[in-house]
Amino acid sequence: MPTFDFRAPRLFVDAPLGSGQTVALEREQSNYLGNVLRLSAGETILVFNGRDGEWQAAIAGRKRPDQLGIVAQTRPQDRLPDLTYAFAPLKHARLDYMVQKAVEMGASILQPVLTRHTQVSRVNGERMRANVVEAAEQCGILSLAEVAEPVPLERFLAQRDPQRLLVFCDEAAEATGPLQALQAGAAGSPGTDVLIGPEGGFAEEERDILLRQPQILRLSLGPRILRADTAAVAALALVQATLGDWARITSTNHQQVKGA
């Protein structure tokens, strides 16, 4: 079970990390450490780059923090589950929330998908990536989710591996037990793609195309209609609990209890 230090500030740095190395701070990072957190030379933080694990680092600089001295590794690098979250983009604040929650839930790829009823057609990829980094910094995450370029639904379906399980969250599907449906539909799949549509739902021709896909699992998220950002959390929680790393933890704990 990993040990997290929730008291120490965490910072993402885009530089190699290793004992004895020095990392120069960007202006925004220097301002954050010195003026927001009120940290000074000699104090320590945790840093990660998505590749080399998490490290303790000592702040250096005379007038303001301007570099970090890498001291020792606190956690080795891990890997995210093979879980793509595909979604119709939302407006700014709700898209920010959805990206942050998808990262917290363990998605490895964030794929904007343009549909007939998508609310917005342009996506700020840099803003999405900034939200990915912020969520990872705040929640002790070591691996950064990839932010893919937006693609039309038809192209997404044509490009994806047909052997992967496609969890199609459909408000028009019959409300049945989602956990049992996911457990039954996962056999032999090398990975999982979760697809959430726009606020206006999928057009009928889009639904027809989706239902003709191989390895498709049409999933109801219950008897109530959920907003797209709420549906994201609900769907990813269900998938992680049955097919993802939550399920592996549950299985490991169960085996340990049986062997005790």
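Are Glu 54 and Arg 75 buried or exposed? Both residues are buried. The legends below treat this pair and other close-up views of a predicted model.

**View 1. Confidence along the chain.** The average pLDDT of the protein chain is 88, and 92% of the residues score at least 70. Residues 250–257 have a pLDDT below 50, and this stretch makes 0 contacts in the model beyond near neighbours in sequence. Where pLDDT is low, the predicted coordinates should not be read in detail.

**View 2. Strand S3 and its two partners.** Strand S3 covers residues 44–48, and 4 of its 5 residues are buried. Strand S1 (residues 10–12) runs parallel to S3 and is joined to S3 by 3 bridges. Strand S4 (residues 54–60) runs antiparallel to S3, with 5 bridges between the two. Phe 48 in S3 stands opposite Phe 12, and the bridge partner of Phe 48 in S4 is Glu 54.

**View 3. The hairpin of S3 and S4.** These two strands form a hairpin with 5 residues between them. In the turn, Gly 50 has a positive phi of about 85 degrees.

**View 4. The salt bridge of Asp 14 and Arg 51.** The side chains of Asp 14 and Arg 51 meet in a salt bridge, with an N to O distance of 3.7 Å. Asp 14 belongs to the loop between S1 and strand S2 (22–24) and Arg 51 to the loop between S3 and S4, so the pair ties together parts that are 37 residues apart in sequence. Asp 14 is exposed, with a relative accessible area of 63%. Arg 51 counts as partly exposed, at 43% relative accessibility.

**View 5. The salt bridge of Glu 54 and Arg 75.** A salt bridge joins the side chains of Glu 54 and Arg 75 at 3.0 Å, N to O. Glu 54 lies in strand S4 and Arg 75 in strand S5 (residues 67–75), so this pair ties together parts that are 21 residues apart in sequence. As stated at the start, both residues are buried.

**View 6. The salt bridge of Arg 207 and Glu 204.** The closest N and O atoms of Arg 207 and Glu 204 are 2.8 Å apart, and the two residues form a salt bridge. Arg 207 and Glu 204 are separated by about one helical turn, because they are 3 residues apart in helix H6 (residues 204–211). Arg 207 has a relative accessibility of 6% and counts as buried, because the cut-off for buried is under 20%.

**View 7. A network of salt bridges.** Asp 82, Arg 160, Arg 164 and Asp 193 are joined into one network by salt bridges that share partners. The model has 15 salt bridges by the rule used here.

Technical notes. Residues are numbered from 1 along each chain as its sequence is written. This is a predicted model: local features need pLDDT of at least 70, side-chain atom pairs count only at pLDDT 80 or more; totals for chains, interfaces and linings use all residues. Side-chain values use heavy atoms; hydrogens and water are left out. Buried means under 20% relative accessible area, exposed over 50%, partly exposed in between (1.4 Å probe, protein chains only). Helices (H or I, at least four residues) and strands (E, at least two) are DSSP runs, numbered from the N terminus. Two strands pair if DSSP finds at least two bridges between them. pLDDT is the predictor's confidence in each residue, from 0 to 100. Contact means heavy atoms within 4.5 Å. A salt bridge is a side-chain nitrogen of Lys or Arg within 4 Å of a carboxyl oxygen of Asp or Glu.
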